[in-house]
Amino acid sequence: MKRIVIFNDIHGNVTALRLIKEKINELKPDMVFSPGDFIGIGPSFNEVVQEIQTIPNFYATIGNHEKY
C-alpha cells in the first residue's frame, strides 16, 4: 500500500510548512500532494515556494491564490 500525504492552504506561512515537512520526513510517504494555495495572505510566500521545491515526490495543482 502506498503512503500519501496531502496538505493545502499554506498561504505564505513558512513556519507551518516547515512543521509539515518534519512530519513528511518522519512518515517517508511515497507521494506528497497539495491542491495549492501556497501564496497569498501570509508574509513568507517566497520562502514557502523555496521550501516546497525541496519536498521529494511532491505534486501540486494551482489553487485560487496562485491564479490571482
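The legends below describe close-up views of a predicted model.

**View 1. The largest nonpolar core of the predicted model comprises twelve residues.** Its members are Val-5, Phe-7, Ile-10, Val-14, Leu-17, Ile-24, Val-32, Phe-38, Val-48, Ile-52, Ile-55 and Phe-58. Helices H1 and H2 each contribute at least two residues to this core. The greatest contribution comes from H1, which provides three residues.

**View 2. Ile-10, a member of the largest nonpolar core, and its surroundings.** When neighbours within four places in sequence are left aside, Ile-10 is in contact with Leu-17, Ile-20, Asp-37, Phe-38 and Val-48. Among these partners, Leu-17, Phe-38 and Val-48 also belong to the largest nonpolar core. The partner Asp-37 is the subject of View 4.

**View 3. Three phenylalanine residues, Phe-7, Phe-38 and Phe-58, form a cluster through ring pairs.** A search of the whole structure yields two aromatic pairs. In general, such a pair is described by the distance of the ring centres and the angle of the planes. Phe-7, Phe-38 and Phe-58 are also listed among the residues of the largest nonpolar core.

**View 4. Asp-37 is placed in the loop between E2 and H2.** The relative accessibility of Asp-37 is 8%, and the residue therefore counts as buried. With residues up to four places away in sequence not counted, Asp-37 touches Asp-9, Ile-10 and His-11. Under the same condition, Asp-37 also touches Gly-63, Asn-64, His-65 and Glu-66.

**View 5. Ser-44 occupies the loop between strand E2 (31-34) and helix H2 (45-52).** Ser-44 counts as buried because its relative accessibility is 15%, under the limit of 20%. Apart from neighbours within four places in sequence, Ser-44 has contacts with Gly-12 and Val-14. The C-alpha atoms of Ser-44 and Asn-13 are 6.0 Å apart in space, although 31 residues separate the two in sequence.

**View 6. Arg-18, Lys-21 and Glu-51 are joined in a network of salt bridges.** In general, side chains of opposite charge can pair when their charged atoms come close. The side chains of Glu-51 and Arg-18 form a salt bridge with an N to O distance of 3.1 Å. This pair connects distant parts of the chain, with Glu-51 in helix H2 and Arg-18 in helix H1 (residues 14-27), 33 residues apart. Glu-51 also forms a salt bridge with Lys-21, in which the closest N and O atoms are 2.7 Å apart. Because Glu-51 lies in helix H2 and Lys-21 in helix H1, this second pair ties together parts that are 30 residues apart in sequence. Glu-51 is buried, with a relative accessible area of 17%, and Lys-21 is buried as well. Arg-18, by contrast, is partly exposed, with a relative accessible area of 41%.

**View 7. A salt bridge within helix H1 pairs Lys-23 with Glu-26.** The closest N and O atoms of Lys-23 and Glu-26 are 3.4 Å apart. Lys-23 and Glu-26 are three residues apart in helix H1, so about one helical turn separates them. Lys-23 is partly exposed, with a relative accessible area of 43%, whereas Glu-26 is exposed, with a relative accessible area of 56%. A search of the whole structure finds three salt bridges.

Key:
Residues are numbered from 1 along each chain as its sequence is written. This is a predicted model: local features need pLDDT of at least 70, side-chain atom pairs count only at pLDDT 80 or more; totals for chains, interfaces and linings use all residues. Side-chain values use heavy atoms; hydrogens and water are left out. Helices (H or I, at least four residues) and strands (E, at least two) are DSSP runs, numbered from the N terminus. Buried means under 20% relative accessible area, exposed over 50%, partly exposed in between (1.4 Å probe, protein chains only). Contact means heavy atoms within 4.5 Å. Rings of Phe, Tyr and Trp (its six-membered ring) pair if their centres lie within 6.5 Å; planes under 30 degrees apart count as stacked, over 60 as edge-to-face and the rest as tilted. A salt bridge is a side-chain nitrogen of Lys or Arg within 4 Å of a carboxyl oxygen of Asp or Glu. A nonpolar core is a set of buried Ala, Val, Leu, Ile, Met, Phe, Trp, Tyr and Cys residues joined through side-chain atoms within 4.5 Å.
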